[in-house]
Amino acid sequence: MRDQDQYSMQDPTTQFPKATAEWKQKQPEPGLQKKMSPVPDAGETSYSGTGRLKGRKAVVTGADSGIGRATAIAFAREGADVLLSYLPEEEADAQEVVKLLEEEGRKVIAIPGDLKDEQFCEQLIAAAVEKLGGIDILANVAGKQQFVEEIADLTTEQFDATFKTNVYSLFWLCKAAVQHMKPGSSIINTSSIQAYKPSPILLDYATTKSAINTFSKALAQQVASKGIRVNVVAPGPVWTPLQVAGGQPTEKLAHFGENTPLGRPGLPVEMAPAYVFLASQESSYISGETLNANGGTPTP
Ligand code: NAD
Ligand code: MG
């Protein structure tokens with residue numbers, strides 16, 4: 001699923017494939033992108049930048065795979081130095097990203113660790129300040145999604161881990177980053193269509209995504225006078241490790257994304273331009289906003 005041309009005019013309904021029976025697959029959490037079939041396009045060979053983030057210092061969480069990987073590749077090709085955050089189990093995916101970013105001549109710092117830990121979140125931002133020389137962009141893309149059919153089977157441990165990963169880490173990373181951000185800096189958080197159209201099997205996950213929307217709208221107003229903007233990207237169904245590592249029941253993957261108006265799942269490479277736009281100065285008058293990249297499903 002590589003080498004797709006993202007720039008020429010074409011029909012978005014056929015630009016990338018629909019899911020098929022071959023898409024049914026399962027990996028243990030957190031999953032590796034390189035073990036997926038088909039391997040999702042995160043812009044490795046297709047994204048070309050135009051200098052929109054020249055000289056910026058960016059932190060991207062969940063940067064080894066999926067939407068975070070596509071964002072890290074795009075940021076680097078737009079001229080940013082990037083600190084990559086991911087889990088230790090994802091080193092194989094992360095090293096592919098490190099190599100791609102180094103080929104761009106960018107400074108790359110790779111720091112594996114668990115964002116459920118407040119101290120680790122603080123250390124991550126401190127590492128950006130020390131090793132990149134500051135932080136201008138924080139793209140919070142990491143997330144946890146594990147489907148559970150019945151509330152009776154949803155454990156407190158999972159509920160807690162989903163909130164720690166998706167909401168608390170955002171609080172800790174934003175809190176640490178804002179102290180170092182200069183006017184012109186940008187925070188981009190990652191919500192989901194699940195924030196407004198929750199699936200019954202994603203009770204904990206969907207709830208964290210609406211919390212992320214509200215958190216971002218409140219923080220955006222709080223830091224506006226410092227010249228810092230806070231926005232949200234809300235993807236729809238996107239083909240990533242999250243979905244094959246417990247995010248969806250395996251049999252549903254054969255029809256993944258077909259209920260969207262565009263009739264197909266999204267690819268990580270299609271999410272990256274939204275993060276680039278919100279990170280760049282082009283979105284200077286936009287804060288507290290949500291950019292829905294969901295294949296055309298109406299949103300509130
Ligand atoms: P992904 O599996 O490629 O990325 C998720 C990443 O989160 C992992 O790579 C991992 O590095 C990171 N992560 C998870 N738990 C962590 C922890 N405790 N500490 C550190 N890192 C941790 O999947 P993706 O779909 O690209 O997910 C990226 C974001 O997009 C998530 O926030 C997800 O909720 C959101 N999203 C995805 C979809 C979709 O359909 N794929 C739809 C809407 C929103
Ligand atoms: Mg991953």
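Let's start with Arg69, which is buried in this predicted model, with a relative accessible area of 0%. Its side chain is not alone there: Arg69 forms a salt bridge with Glu44, and the closest N and O atoms are 3.0 Å apart. Glu44 counts as buried too, at 7% relative accessibility. The pair links distant parts of the chain, since Arg69 sits in helix α1 and Glu44 in the segment before β1, 25 residues apart. Both residues also belong to a wider network of salt bridges, which links Lys34, Glu44, Arg69, Asp93 and Glu96.

**Salt bridges across the chain**

The structure holds 14 salt bridges. Three of them are set out here, including the one just described.

| Pair | N to O distance |
|---|---|
| Arg69 and Glu44 | 3.0 Å |
| Glu29 and Lys144 | 2.9 Å |
| Asp136 and Lys182 | 3.9 Å |

Glu29 and Lys144 meet through their side chains. This pair also links distant parts of the chain: Glu29 is in the segment before β1 and Lys144 in the loop between β4 and α4, 115 residues apart. Glu29 is partly exposed, because its relative accessible area is 41%, whereas Lys144 counts as buried at 15% relative accessibility.

The side chains of Asp136 and Lys182 form another salt bridge. Asp136 lies in the loop between α3 (118-132) and β4, and Lys182 in the loop between α4 and β5 (186-190), so this pair ties together parts that are 46 residues apart in sequence. Asp136 is buried, with a relative accessible area of 10%.

**The magnesium site**

Which residues coordinate the magnesium ion (ligand 2)? They are Asp64 through OD, Ser65 through OG and Glu90 through OE, at 2.0 to 2.3 Å. Along the sequence, the spacing of these donor residues reads D-S-x24-E. Asp64 is found in the loop between β1 (57-61) and α1 (66-77), and Glu90 in the loop between β2 (81-86) and α2 (91-103), so the two tie together parts of the chain that are 26 residues apart in sequence. Asp64 counts as buried, at 1% relative accessibility, and Glu90 is likewise buried, at 7%.

**A negative patch on the surface**

Turning to the surface, Glu149, Glu150, Asp153 and Glu251 form a negative patch. Glu149 is placed in the loop between β4 (137-140) and α4 (156-178). Is Glu149 buried or exposed? Its relative accessibility is 53%, so Glu149 counts as exposed; the cut-off for that class is over 50%.

Key
Residues are numbered from 1 along each chain as its sequence is written. Chains are lettered from A and ligands numbered from 1 in the order in which they are written. This is a predicted model: local features need pLDDT of at least 70, side-chain atom pairs count only at pLDDT 80 or more; totals for chains, interfaces and linings use all residues. Side-chain values use heavy atoms; hydrogens and water are left out. Patches are made of residues with over 30% relative accessible area and no salt bridge: like charges are joined within 9 Å, nonpolar side chains (Val, Leu, Ile, Met, Phe, Trp, Tyr) within 5 Å. Accessible areas come from the Shrake-Rupley method with a 1.4 Å probe; for residues, only the protein chains shown count as cover. A salt bridge is a side-chain nitrogen of Lys or Arg within 4 Å of a carboxyl oxygen of Asp or Glu. Lys and Arg count as positive and Asp and Glu as negative; His and the chain ends are not counted. The place of a charge is taken as NZ of Lys, CZ of Arg, CG of Asp or CD of Glu. Helices (H or I, at least four residues) and strands (E, at least two) are DSSP runs, numbered from the N terminus. Buried means under 20% relative accessible area, exposed over 50%, partly exposed in between (1.4 Å probe, protein chains only). Donors are N, O and S atoms within 2.8 Å of the metal (3.2 Å for Na, K and Ca); water is not among the atoms, so sites may look incomplete.
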